[in-house]
Structures are given as C-alpha cells and as structure tokens.
Amino acid sequence: MGATVLETIPASELKHVGKKTDRIDSKVKVTGQATYVSDMIVPGMLYARVKTSPHARARIVKIDTSKAEALTGVRAIVTGDELDYRLGLYVVDKAILAKGEVRHYGEAVAAVAADTLEIAQRAIELIDVEYEELEPVLHPMEALKEDAPLVHPKLGDYSYMEAAFTPKPGTNIANHTRLRKGDTEKAFEECEWVIERQYTNPSVQHVPMETHVAIVQWGHGDEITIWSSAQSPFTVRNLFCVAFGLSHQQVRVIVPYVGGGFGGKAGIGIEPLVAVLSRKAGGRPVKLTATREEEFSLLPCRSQLTYNIKTGVSKDGKIQAQELTMYWDAGAYADYAVNVTRASGYSAGGPYDIPNAKVDAYTIYTNKPYGTAYRGFGHVEFFWGLERHMDLIANAIGMEPFEFRLRNALRPGSTTLTGEKITAHTGNITACLKRAAEGIGYGTLSDAEGAREKRTGMKVGKAVVALHKAPAMPPFTATTVILKMNEDGTVVANLSLVDYGQGTYTSIQQIVAERLGFPADRIKVAWDSDTDRDPYDWQTVASKGLLLSGNAAILAAEDLLANAYDVASQALRANKVDLAHDADRIYVRHHPDSFVTFRQLAIGYAFPNGNAIGGPLVGVGRYIAQGLTHLNKETGQGLPAIDWTYGAHGLTVEVDQETGEYNVLKVVSVFDVGKVINPDEVRGQAIGGMLQGLGTAVCEGYIYDQKGHLLNPSFTDNKIPTALDLPLEVEAIAIETPQIDGPYGARGVGEHSMIGVAAALGNAIQRASGAELTHMPIRYEDVWRAIQKREPVDNWITKSPFGSCRSAPEIQKHDC
C-alpha cells in the first residue's frame, strides 16, 4: 500500500477518475445558497468608500478632510500621511494610500468608513484634494528613455525577492529577466532567412462577476479577522503580517465562495486599507466593495506588452536562432508583473525546438494602473506575437505554416530554453496540432463552407496554432490536504486551495474517492478556507492546484487508510499485509467474514469489554514541488517547470473583404491534460477560456488619453464577450500523455484554453483576406485598414499606447 501518484492505473480500473461527475458547488450556486463576501453583513459593520486620483501623476499638495469629518455617521477617515506601511509580493513598492505623489489615474488617496454606504460616498465627495499635476510617463518605450520621469525614484531603497528578480535603481525597470542559450550571433550568420517583427497588445481587465470585496475587523490585542474574496488566503495573511509587523497567529483570513478571480485576486489587494479603517473606527468591522469602475482603475489589470521577435531559419525550414525582447508595462507598481516577466522569459520560445536563443524581458514602471497575474500569466499576450510570427516566417520562406510548426515542435530529446530535457511523458504537442487541424478540416474547404462562401460573399480562412505553459511558482511551492473521518464513515477534506469557479474541489472529491475506494457522495470537500483551521497552501494560481493538491489528496488518503489498517490489524489480530478493504469495511483477505467497519474505526475502535484503541481517523497529505531550481540570473538556465501542458487551437473564420467584418465559425481546442479527471470540467475550462481569449482578441483593451486618463473604465466602452458571442461550433478534445508525477497522471489545464486564441484568429483572418495584423484587439475597422493597407489615425488613443495595427516585418534572405 505504498504511496504513489497512481499514474499507471488503466482507465478501465478507475471508478471515479475520468468519469463524469456533477460539480459539488453547482446547486448551491444556481439556487443562490452560496454565501460570498459580497453577501455578508457582520454585526456593527461600517461601509467604506475611497477617494481616487483624477490624474495619472501629480504631487499631493493638501488633503482637507474637515467637511467629511463633520458629516454625521462618519466613523473613520484615513489618508496616506497617517500610514507608514508598504506592500508588495516580490518588490515592496506600494503604499496603502498614495503618499506625497499619485502614480496612476484612479489611485486611492483617502478612504472613509461610515454607518451607511450613502454617507461614506457623500463624505468622499466632501474631501478636498489639491494636486500639482506632473508630466506622466505612459508607455514602456518612453519610460526607458534616459530623460524619462522616474515613477519610483527610491526604487533602490525597496526590499525585493533577490533570488528571482533584478530591479534597476535609477531607472523605470522593475525587473530584467535574461535568458541565453547557445550562440545566437553565430547562428544568425549561418541562417538562410532572418525575419523580424514587433507585436503589441493593451492592458485588459479581469472583470470577475464579484468585484474585490473585503470585511476586516481589527480586534483587541491586534487580533485581526479578514473575510475576503481572495484566491490565496495564506498569501493575504503573510503579506498583511509582513506589512504591519504582526505575528501570523494574530491574523485570520477566511475565504468563502469567490465570484471569480482570473488572477486579479491572487495577491493582496484592499484588505490592508479596510484594516486601518477598522482600527481607526475603534475595532468595528468595515466592509469595502469595489465598484466596477474601481476594478478598472483602482485595482490591477493585465499588463500591456510590446514584443520584438527576430528568428533565423535554415534552408530546410528549421528554426536555428531566436531573439525575443519583451517590454512589459507594469503600470505604477510591480505586483505580479515582475513574475509575469520571469515566466514569459523562460517560456518565450513556445513549444518549439530552438537551439540558440536570447531573451530579454523587462518589467517597466509607467503611470498607469498596475499589472498583475491574469489567466495565462503573460502567455496570452506573448503567444499573440509568437504564433503570428510563426505564420509570418512560414509565408516568408514558402513553407506551409502547419508543416512549419510540426517540423519545429518540441519532441522527446529536445531541450527547452532553460535547458530542461523533454521526455516522452512531458506531453505531445504534435498530437495536439494534428487533432486541431483535423477538427477544422485544415487545408481544405468542406462543401458546406464552399456553399457558405458563395451565399455570403465572405471568404473563409483557417489556422492552427500551438501553445504551452508551465506553472509559474517558486521551486519550493507546497500544499497540504487533511482528511477527517466522521462517525458514520463519511470523510471531510480540508484544504486551502480556493475553488473560485475552476471546479478543482470536485476533482479532489473524485481523487479521494478513487484512492479510498468510497462512493463519491461519501466525500465532502469543505468549502470556506480559513487560515486558522485549514492547512497551508501557497496560492491558487498557475494551473498548479490539481497537480499539487491532487497529489496531497492521494497522500492524505494513503495516510488515512494506513491509520485505519493499523487499528484494524489490532482489532482483527491480523498482519496488515493480510488486510484489504471495500467501501464499508476492512477485512482479512483469506477470511473475508473477519472484518471491522469504518464506522467502528472512525473515532476509535471499542472492544466488547469497553477497552478502546486508535482514536479519530485522520489522514494528512503534504506535497511540495520536486526538482525545481531558481534560474541563473545571467543565463536563465535552470528547472522552473513542474510540468508543461501543451495545446493547440484550430479556428475557422469568414471575412468580408470589403468591410473587414468577420465571424468566427468554428474553434477546436486540444490539450494534453495527462489524464482527464472530470471530462465536463475539462470541456468547461476549454470553452470558457476560449471565449475569454476571443474577448481579448476581438474587443477588450484599456484606452488612455495623452494625460493618462482611462477613457473606458466600464462595460459601456470596454466590452467583454457574452454567450451570444460563442462561435457557431466549438469542440474540446483531450490528449492523454500521463504526467509521471501527476495525480493519476493529470496535469493542469485551467489557463491554457485562453492562450493562442488571438493568434489563431489573426492568422485565420490573414488567410481569408491578406490582412496583416500585429496588434490586438482585432476590431472590424482594424481588419479593414489592414486590407486597405492604411494606418489608424495618428493620435495617442489609437496608436501610442497600443502601437499600430500593422507592423512591417523585416525579412532578410542570406545568400548562403
């Protein structure tokens, strides 16, 4: 009964893993019984609002709160000058409220707690702030200039995680990730073709259904309770304690149901601000719920990216060298953006075999809302450029783009950019590409598609793109699962991985039921995460949850069974090796009528005379990432990936060549998930992420004016797709190449469905119309301009923050 992740068990022998199972949270959510922090009211609770800056960069001359203080019902007002605390996950660079200077439009400068939300809002309106407006720096390429204003003149004084990041004091560079593999200079000289182009995309908002919301009570003896709509309760606790100089035992974080996150709730957010309001209000609990507009400007977004790619290709169509330079717009604070830069750096080459590579990825401060984690963690952004570039190369050298991808795909024996060797169990990108191509009928038009072209006058185009991603996490990332058996033999699982819509808790239920041999309805996964009562988990990010927590769940089940077998062996006077079990009992293999039930063992076994042995049955499973290393700061070499999930999208589009209008007809998404734990959840992730990726591709993006004002901070002008925007046909396919260290062979797939969708759309549009597009989102007018080879109007809104919709490639053919 030795511990194993059980990746070799045939599917035919599995009762729960790989089977359709209803999500354990579905009924409570659709009936409205699930409780979110947004729903909660705590006795004596006050309501908070914030005063935000109308400027992207300005000196705070004076804040007058006297009128607000005089308003009946106001219980606390705080400004930055009162607070000597700094926050930061990787670079500690952010004040709770702006002090001395505001660094982005929408930054909080004051906050109020009052008896009602209406009083709090009126008090905010009564606070008078005098500013001296300063010239902002609004684009990363401008921020790199020697004479650019410094967003953080004291960058050299900030503490930061030295093992992974490299801020550059005296500049606007929050981090520089370098990677060097082979000799690119020599390789370029020997290449037949050298092709270079720049790609861009804007900042994007996460738009979870439930905005950021927290309730905090600063109690007696600095005992603090935080209820938060957060992805990572232990990270909130840790960063909070570090900022305030408190012991971890003084702070309790409770996370109930969470209405979406997509990375935007991964770190610490509004909790410290709500806490200081509670403290100033004499310990009364305070609740702050961000408005939708505040989600766009006060709170973090996905970072903008400007991306230069230079690729050298040999006569036979093999990539020999690649130089990749990324300029990530961190906004005003580093937050997760520095780690996005790091992750994009070691993943930058995509799932391709590149013998010589040079990567420079910069995180750059600007005076805009700050960037953070977002589903895909940088990969959605750079795969837009990378997979557009693969088509550009193929077209330039006269090779079919699908064949070009197959020829250069990673395979067993290849090495990644960081020197990791690919093996047979890493995954199969070639199989993903082929299934995606097959799914859309790549390379041909069906009779129905041909008839549609004639009927509509629109041209059909098809494209297939590849993708990969590994969890971006520290090499020592760890988690714990605890199983407790109840008196009736049912089991409760406690963990602090947060299920905020991805369905992981249902998968954990299936894994535990499979290993214990119990019916799934005998396993309950406790929902609320509580740092005082639940075991540690690092964060709920990076598609690492299923692998790490799934393994911990297996180990917890092993431990619970081992403890049960210990007691049963005494009760039955039998050696443990002679015991077996079913869903209800542990019995002697060769005398199956000699048994004890799990009910008898659950809280301790009692002999007929009253003597007792054992005690409450508990299983503990601890799992920590294995074999990972820090990356060498000079070369980027090392082992950053616990696993790689490969995938591909096939996309069919029709384009009106006169107007630029287009319709997405079909998307086929294929992922090598290692092992499907729950088919419906894989399909749900695939379709949901694909549609979210289409939103990025088609319509989403921040727009600023020349002074850094965000012009579209709401759904009025910043649209996201709805169910009505689904393609006419969607297909999700799973490939299974078991992950040796994954639970039953599984690996994560939560983020991957969003990656590469935009590039597939851009490539398909180009096939149909010839439109060269290097910037997303791809609006109809952008397609029309590209078909007409016209640039957008030369003004700040459409060009400078986003770049042009077309970037002319530089193609060199060497006479070799």
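In this predicted model, a search of the whole structure finds zero disulfides. Cysteine 301 illustrates the point, since the cysteine sulfur nearest to its own belongs to cysteine 699 and is 16 Å away, whereas a disulfide would need the two sulfur atoms within 2.5 Å. Cysteine 301 has a relative accessible area of 1% and is therefore buried, because buried means under 20%. Cysteine 191 likewise counts as buried, because its relative accessibility is 1%.

**Internal cavities**

Rolling a probe the size of a water molecule over the atoms shows where empty space is left. For this structure the count comes to eight cavities of 30 Å³ or more, and the largest and second largest are set out below.

| Cavity | Volume | Lining residues | Lining by class |
|---|---|---|---|
| Largest | about 220 Å³ | 21 residues | ten nonpolar, eight polar, three charged |
| Second largest | about 190 Å³ | 18 residues | 14 nonpolar, two polar, two charged |

Among the residues that line the largest cavity, Ala163, Ala164, Phe165, Arg342 and Leu631 are the closest to its centre. The elements that give two or more residues to this lining are strand β9, residues 173–181, and helix α9, residues 337–347, and β9 gives the most, with four residues.

In the second largest cavity, the lining residues that lie nearest the centre are Lys94, Ile96, Ala108, Gly269 and Leu298. Here β5 (94–95) and α7 (271–280) each supply at least two residues of the lining.

**A four-stranded sheet**

Strands of a sheet pair through backbone hydrogen bonds, either parallel or antiparallel. In one open sheet of this model, four strands follow the order β18-β29-β30-β31, and their pairing is mixed. The edges are taken by β18, residues 459–469, and β31, residues 729–735; each has a single partner strand, so one side of each is left without a neighbour in the sheet. From one strand to the next, the twist averages 15 degrees.

Which strand pairs with β18, and in what sense? The partner is β29, which spans residues 645–655, and the two strands run in the antiparallel sense over eleven bridges. Within this pairing, valine 464 has glycine 650 of β29 as its bridge partner.

Methods:
Residues numbered from 1 in each chain as written. Predicted model: local features only at pLDDT ≥ 70, side-chain atom pairs only at ≥ 80, totals over all residues. Heavy atoms only, no water. Buried < 20%, exposed > 50% of the residue type's maximum accessible area, 1.4 Å probe, protein only. 1 Å grid on protein atoms, 1.4 Å probe; cavity = no way out; pocket = protein on both sides within 12 Å on 5 of 7 lines; lining within 4 Å. Points joined across faces, edges and corners; volume = space filled by probe spheres on them. Nonpolar A, V, L, I, M, F, W, Y, C, P; charged D, E, K, R; others polar. Pairing = 2+ DSSP bridges. Axes fitted to C-alpha atoms, helices over the stretch in contact; angles between N-to-C directions.
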